Every structure is written in C-alpha cells, then in structure tokens.
Amino acid sequence: MVTSFHIPRLVIAAPSSGSGKTTVATGLMAAFSERGLAVSPHKAGPDYIDPGYHALATGRPGRNLDAFMCGPELVAPLFAHAAAGCDLAVVEGVMGLYDGAAGRGELASTAQVAKLLRAPVVLVVDASSQSRSVAALVHGFASFDPQVRLGGVILNKVGSDRHEVMLREALEEAGMPVLGVLRRAPQVATPSRHLGLVPVAERRADAVAAVAALAEQVRAGCDLDAVMALARTAPSLACEAWSPATALTRSRGAAPDPAPQTPEGLETSASPAFEARGFGGSAPGTRPLVAVAGGPAFTFSYAEHAELLTAAGADVVTFDPLRDEALPAGTTGLVIGGGFPEVYAPELSANEPLRKAVARFAEAGGPVAAECAGLLYLARSLDGKPMCGVLDADARMSERLTLGYREAVAVSDSALAANGTRLRGHEFHRTVIEPGAGATPAWGFTHPERRVEGFVQQGVHASYLHTHWAAEPSVALRFVEAAAARP
C-alpha cells in the first residue's frame, strides 16, 4: 500500500572519490546517534564495507541503495523499509555526485538516488589545494542538474584559520551555506588495502575508536543544528515500503518464462533439471536451517538477504569459518558470501574439519550459494593453500582489479536460480580462478561483455557475481525450498 511519510534525510556527496564522504557521513551518523536520535544509515551503490562503519555508528544495519542492481523503482521502497520509525536518515553517496554506471547516464549515481528520495545534498569538498576556486567548483555541481538540491557544503582537510576564512568568503559570494569545516586529522583515518577500507569485523576495537573520533571531529567542526534543519526540509515521500513477505508473495505470483533460452553467443551445456535433483519441494516439520558464513573473512552481505530467507520460511544462523570446526547443527542450506578470504587463506586452510564438513555437505547435494569470497573458499586452493575442494578450480591473487556492474542471465538450473533468471550484479575482486567457469556455468554475462562465468554442480551455485536478492526475491524462495527438501 502506498503511503506518505516524512523522515528528515540528507545525502552526503562529493565531487570525487577520496574527498571524505565516509568520514563525514559516519561522523554525522555517530554524532546524531549520541544525541539520542534513531539514525537510519544508508550507502548508495554496491559497497559492503562502508555500511559496516555506519552500523557501528548507529547501532542499526547499514543498508545499500543501488539503482542499478535493484532498479530505480526499489530505491525509495527499500529506504522506507529501513528508515521506518527513525528520526533521521543519512545516505552516503558513491564516487562523485554525478558518477554512475558506465555508459548509462545518471543510473546508479548519487544524484539519481538523491532525486528518487527527494533528499537535499550536502557536498563534501576536499579543500586542501584550493581557496576561492572552491566557489566555482561548488557552483558547477549545484547548477549541473536543477533537480538535485545542493543544500550546503562541508569543507574537509582545511589547513588553517586563514584558509578557512578564504573558503568561507568565496562560498558566501556564491550563496552556498557552509555547514562544517574539518581540519586535517590523520589520527582518525581508517586503514585501507586492495579493495578499500578494512572491514569493521577485522578491527573491531580500533573501528569503535575510529568512529568515536569521527563523531568528535564532526561535532567540533560541523553545525549539527543546521545540518538537521536541512534534513528536515526534505518533503514527504510517497511510496510502498518494501517488505520481504510482500516481495516473496509477489514473486510466487509472477509467471515464469515458459521456455528460458541461453542468450545468443553464450554457449553452455545443459544441466540436469532442477526438479530432477529433488529440489523445489517443501518438507513437512521443522523450518530449514540456512547457515550463513560470517566472521572477519566473510563480511560482505546485504541485510535484505537474511530477511528474505527468514520470510521464505528458513531459520538463519551465522557461523565463522575461521573458528567453527563444524557447520551449525541441522544445517540444510549454506550461504557463503563475499569478503577477504585471501587475507585469511592460511587460517581458513588450517581449519580442516570445517573444510571437510563443507565438502561433505556439497557432495551430498546440499544447496550452497557462494559469491566471490565463497567461490574462492569452495575452490581446490587459494594462493596455494588448500580450501574446501568442492570445485575443480584454483584461485590466486592478481594485480588486476576486476570491477563493475554486470547484466547476467542464469544459463543453468540451480538451487538458487532457474535457467533464464535475469539479474543485475556487481564484480569487485583482485583474484582470478582457473577455470573461470565450470562445465555447467552459473551465469552468462550479457553486458558489458559476453561470457559465461561460475559453477553449478549438484546443489552448488558459485560465482564472482554479487547480487541483491531484493531485485529478484524468487532466488531466496527457491533456495529455501531447496533447503527444505533436504532430509
């Protein structure tokens, strides 16, 4: 049901990556949370790491708003689902304000998300190498798209009192409010490595201290009352809040493609029919138990996935492949998402009891959904260290970063997706696996390049592709049905 609701909200954007969006957004979330406000944290785009810091700052799950993977029509509903009952919502942008999916105009840009949410934008500007020119820069961003409402600027990396005066004078001439000024503060910088910031789960104590320091920096440098006043200018938003139960009900009612076809140019061998493997039923009795990999090595997940699995009838439990020597008792489905197994390859390899347990589960036909890090963990080896050996493939670190949105179609029936299921996803890794696809691949990429990728064998669906199940809830339903069919 479409309803109209009002929640103060704002989008934190920047002219480019590296300007300080995460610093400001996380600091604002923490500072307002410390005031006793319920703050709903969001991240534009597919990023998994920043939401971990957002969750630490607010005590609520960090949520992604990705107009490419989920479609523009789901941005406001997903936002409404997460922000219900909150006093303030803060959305951290992605890249530069107007940067989006390559060759797709504004699609998946911070600007598009801001327009879909009818939210004012705060521009974070790295002022370290400019003075009066900041006014021309901000004017350009404010006037580029009249539908984007730039409500103020937070100046980052300001060098001195004199520097601040020059910047403020320039922006006053341009008629742009300065909502905050942050000085250079390397002591609160968060460490990075080959795929961005180090996740919270890997540095919990240090991350808590860093978020506290960011809150203090923002409190000292920003006019929080002015920021909140700007957030309150966001108008009411009319939409139907997303819910996992409703999404699954609609997914059940959707008519399947009667004859899904492999896209032209994507050659693959047919896999056995889904039903012939005994999947798709609904076993009586207890709810199926889906075990989800977590801990420092597997930190990438979308909160909506667990919500969809639960709404589809599963009990969801988390286990840590670094520490746990067995799968949770009663596991009938296994989800191994993204993360950094390459950083923990020796420790993962050393946990031989769990590796063997995962292999036994997969060999017995148990449904396994593995993305990116999960793909590597199921391989025979990672950087020469033995892994689970479920897949006849070997993985290693690479100097090349594979990054970008993908349009994909399932080219094989699996416990996760029916042949012909179309999804948009995202690749983000600095590893390679050889071969890159099994005899029965998982996906055929149709854009921006045409190739097959991943592995489907027995109940296993393993791929580099990160997907957001809210875009296609049938995958969660199908997976739970496969888990329910396990003895």
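How many of the six residues of strand 14 are buried? Six of the six are, so strand 14 is largely enclosed by the rest of the structure. Here, buried means under 20% relative accessible area, exposed means over 50%, and partly exposed is in between (1.4 Å probe, protein chains only).

Before going on, some ground rules. This is a predicted model, where local features need pLDDT of at least 70 and side-chain atom pairs count only at pLDDT 80 or more, while totals for chains, interfaces and linings use all residues. Residues are numbered from 1 along each chain as its sequence is written, and side-chain values use heavy atoms, with hydrogens and water left out.

**The sheet around strand 14**

Helices (H or I, at least four residues) and strands (E, at least two) are DSSP runs, numbered from the N terminus. Two strands pair if DSSP finds at least two bridges between them. With that in hand, six strands make an open sheet in the order 13-12-14-15-23-22, with mixed pairing. At the edges sit strand 13 (315-319) and strand 22 (455-457), each pairing on one side only. On average, neighbouring strands of this sheet are turned by 15° against each other, direction ignored. Axes behind such angles are lines fitted to C-alpha atoms, for helices over the stretch in contact, and angles run from 0 to 180 degrees between N-to-C directions.

Let's walk along the parallel pairs. Strand 12 (residues 289-293) and strand 14 run parallel, joined by four bridges, and Ala-291 stands opposite Leu-334 in strand 14. Strand 14 also runs parallel to strand 15, this time through three bridges, with Val-335 opposite Ala-369 in strand 15. Then strand 15 (residues 368-371) pairs in the parallel sense with strand 23 (residues 460-463) over four bridges; there, Glu-371 faces Ser-463 in strand 23.

What lies across strand 13, strand 14, strand 15 and strand 23? That's helix 12 (residues 352-363), running at about 115° to strand 14 (331-336). Contact means heavy atoms within 4.5 Å.

**Two cores**

A nonpolar core is a set of buried Ala, Val, Leu, Ile, Met, Phe, Trp, Tyr and Cys residues joined through side-chain atoms within 4.5 Å. The largest one has 115 residues, and Leu-117 and Leu-155 touch the most other members. Helix 1 (residues 21-34) gives the largest share of this core, seven residues. Leaving out residues up to four places away in sequence, Leu-155 touches several residues, including Val-125, Leu-167, Val-178 and Leu-182. A second, separate core of 39 residues includes Ala-291, Ala-373, Leu-376 and Ala-462.

**Backbone oddities**

Most residues other than glycine have a negative phi, and most peptide bonds are trans. Here are the exceptions worth a look:

| Feature | Value | Place |
|---|---|---|
| Cis bond, Glu-434 to Pro-435 | omega about -5° | Pro-435: loop between strand 19 (422-434) and strand 20 (443-447) |
| Cis bond, His-447 to Pro-448 | omega near 5° | Pro-448: loop between strand 20 and strand 21 (451-453) |
| Positive phi, Ala-108 | about 70° | loop between strand 5 (88-92) and helix 4 (110-117) |
| Positive phi, Cys-372 | about 55° | loop between strand 15 and helix 13 (373-378) |

Ala-108 is buried, with a relative accessible area of 5%, and Cys-372 is buried with a relative accessible area of 5%.

As for cysteines, a disulfide is a pair of cysteine sulfur atoms within 2.5 Å, and by this rule the count comes to zero. Cys-86 counts as buried at 10% relative accessibility, and Cys-388 is buried at 8%.
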